[in-house]
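Here are my notes on the model you sent. Please read them beside the structure.

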Amino acid sequence: MAAEKEKEVEIQDELADSFNDLFTSVSTMVKGELQGTSNMLELLEKMNLRVAEEYKGFGDVASGLRVFVEQLKTKSSGFNEYVQQIDTIERQVTEFEALISMLDKYVSLLESEVQSVYQHPPS
């Protein structure tokens, strides 16, 4: 009976060692999984900070562009007066060209009449 009892204690010791190894392995696996998750969360945090920096830079650029556009609007409104003056001059030049064309025709007609008079003097 002592041999049986010794064998039973030996089996229990082996079973306890096996369970201990199992729990140690499971514990190591869970610890590794948790460390991996922690590493991924740290990486995600770093990525979020980087993206936030990038978007902050975009916000600064957009703000600068807004100021630039406002300055362009102010400058372009100053040019409106000149554009109106140019339009007025262009209309006047068109009218002047029409008048010159009429005068040119009239002068040509007078020239023809004068030449006609010199070629055929009145008798």
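The points below go from overall form to charged contacts.

1. This is a predicted model. The protein has 1 helix and 0 strands, and helix α1 covers residues 2–119.

2. The radius of gyration is 51 Å, whereas a compact globule of 123 residues would have one near 14 Å. Along the principal axes, the C-alpha atoms occupy a box of roughly 175 × 30 × 10 Å.

3. Of the 123 residues, 0% count as buried. The exposed surface comes to about 11,800 Å², with 62% of it supplied by carbon and sulfur atoms.

4. The protein carries 11 positive and 23 negative charges, and the mean positions of the two sets are 5 Å apart. The structure holds 3 salt bridges.

5. Lys56 pairs with Asp60 in a salt bridge, with the closest N and O atoms 3.7 Å apart. The two residues are 4 residues apart in helix α1, about one helical turn. Lys56 counts as exposed because its relative accessibility of 56% is over 50%; Asp60, at 47%, counts as partly exposed. Elsewhere, Arg50, Glu53 and Glu54 are joined into one network by salt bridges that share partners.

6. In that network, Arg50 reaches Glu54 with closest N and O atoms 3.4 Å apart, and Glu53 with 4.0 Å between the closest N and O atoms. Glu54 lies 4 residues from Arg50 in helix α1, and Glu53 lies 3 residues from Arg50.

7. How exposed are the members of this network? Glu53 counts as exposed at 52% relative accessibility, while Arg50 at 49% and Glu54 at 36% count as partly exposed.

Terms used
Residues are numbered from 1 along each chain as its sequence is written. This is a predicted model: local features need pLDDT of at least 70, side-chain atom pairs count only at pLDDT 80 or more; totals for chains, interfaces and linings use all residues. Side-chain values use heavy atoms; hydrogens and water are left out. The radius of gyration is taken over C-alpha atoms; the globule rule is 2.2 Å times the number of residues to the power 0.38. Buried means under 20% relative accessible area, exposed over 50%, partly exposed in between (1.4 Å probe, protein chains only). Accessible areas come from the Shrake-Rupley method with a 1.4 Å probe; for residues, only the protein chains shown count as cover. Lys and Arg count as positive and Asp and Glu as negative; His and the chain ends are not counted. The place of a charge is taken as NZ of Lys, CZ of Arg, CG of Asp or CD of Glu. A salt bridge is a side-chain nitrogen of Lys or Arg within 4 Å of a carboxyl oxygen of Asp or Glu.
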